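User: I'd like to go through how the labels on this one are justified. Can you take me through it?

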Amino acid sequence: MELKTIVEQLDLEVKASQGNLTCNITGVYVSDLLSDVLAHAKEGDLWVTLQGHPNIVAVAAMKELSGILLNNGRTPEDETLKKANDEAIPILASKMPAFVLAGKLYNLLGGE
Amino acid sequence: MRLINADLHIHTCLSPCAELEMSPMGIVKGAIGKGIDMIAICDHNSAENTRAVIEAAEQTGLTVLPGMEVTSKEEVHILSIFSLPEDAARMQELVYNNLEGVNDESAFGMQVIVEADGTVTGCNDRLLIGATDMSLEHIVRAIHMHHGLAIAAHIDRPGFGILGQLGFIPNDLDLDALEISARISIEDATTSYSEYSAYPIVRSSDAHFLDAIGSGMTPLMVGAASFTEFQMALRGEQGRYICYEG
């Protein structure tokens, strides 16, 4: 499913890289530990987290993730947005908690 | 006794997220220019540039302490500050043994190892931005075993601070101090973190580029700019103390 469709379906706010929402999302990874994402997320995953530090962009770039979705109304730091635009990594935001977002994404994409 | 300024959290070009301008000479000149008497070099999970900065500060009035900013498995940053480079090196060996992964320069940045005069001797290829698999308790214990001071880094920041990651400071965690960033004053911090008043508070720049050096400083009333005097000031021993009034 296109990231753009997910943005529409879940009413997500696009914080960075508005022009990069056409990628096909096949998986989602939910974690607030960057080292865990480095170890376990898969290429192309959409990453759900509440961390807004600029390092999330570096982690997403290194793992070639499709985007980062901040839950619980968390706002990314300005530096994070700047880096995300530079790296063309979409940053999305939602007021929903991770459990609800994960459930909705699971229903949209279907679990494995 | 005299009043000195300490900035005990400065990165060098070894940290992937720091600017390459953070060379030993650049840092020493920058610190002296800001009226700082004592600094600590705390790169992410490595102390490989500490000796170079110590050497660069020889013949100047600046005291340089070797240190490291260690990342726990909870992704909490803990400053470890030592008196002797040998102790920092032993702590580094423990950190390296517990740190997996290889750096990706394009994603995280370069990790440049330099000599005192700025000559590049190589690049560290470990994933220094990564987390060790050591718990907070393990790290604090190890720092003390190597005669260092363990300070919870930038507790006021949402990312990688102990309060942001855990939400609280465990009762049995034997920290020597809490560090706040340049974002808040020591006075505001003593109010905001009054429940943790048992811990002394230090303020540092966490400088990743030259202009940031000294943006956060801790004024200390001490006999000299040294590790031992700083330790005494943290404990309020023999008339040494942190000058919260600035």
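**Sheet and interface**

Analyst: Sure, bearing in mind that this is a predicted model. Helix α8 (residues 227-235) of chain B lies across β1 (2-10), β2 (38-44), β3, β4, β7, β8, β9, β10 (218-222) and β11 of chain B, and runs at about 55° to β7(B). Helix α5 (residues 136-145) of chain B lies across β3 (63-71), β4 (77-81) and β7, at about 5° to β4(B).

User: What is the strand order in the open sheet of chain B?

Analyst: It goes β9-β8-β7-β4-β3-β2-β1-β10-β11 in chain B, nine strands with mixed pairing.

User: Why do β9 and β11 of chain B stand at the edges?

Analyst: β9 (201-203) and β11 (241-242) of chain B each have a single partner strand, so one side of each has no neighbour in the sheet.

User: What makes β7 and β8 of chain B a pair?

Analyst: Pairing takes at least two bridges. Strand β7 (residues 149-152) and strand β8 (residues 177-180) of chain B are joined by two bridges, so they qualify, and they run parallel. Ile151(B) stands opposite Ala177(B) in β8(B).

User: How do you know which residues of chain B and chain A are in contact?

Analyst: The test is heavy atoms within 4.5 Å. By that test, 17 residues of chain B touch 14 residues of chain A. Glu75(B), Phe108(B) and Phe160(B) lose the most area to chain A on the chain B side, together 39% of what that side buries.

User: How many salt bridges cross that interface?

Analyst: The rule finds zero salt bridges between chain B and chain A, but three residue pairs in polar contact.

Notes:
Residues numbered from 1 in each chain as written. Chains lettered and ligands numbered in written order. Predicted model: local features only at pLDDT ≥ 70, side-chain atom pairs only at ≥ 80, totals over all residues. Heavy atoms only, no water. Buried area = accessible area lost by both parts, 1.4 Å probe. Salt bridge = Lys/Arg side-chain N within 4 Å of Asp/Glu carboxyl O. Polar contact = N/O pair within 3.5 Å; in protein donor to acceptor, adjacent residues only side chain to side chain. Helix = DSSP H or I, 4+ residues; strand = E, 2+ residues; numbered from the N terminus. Axes fitted to C-alpha atoms, helices over the stretch in contact; angles between N-to-C directions.
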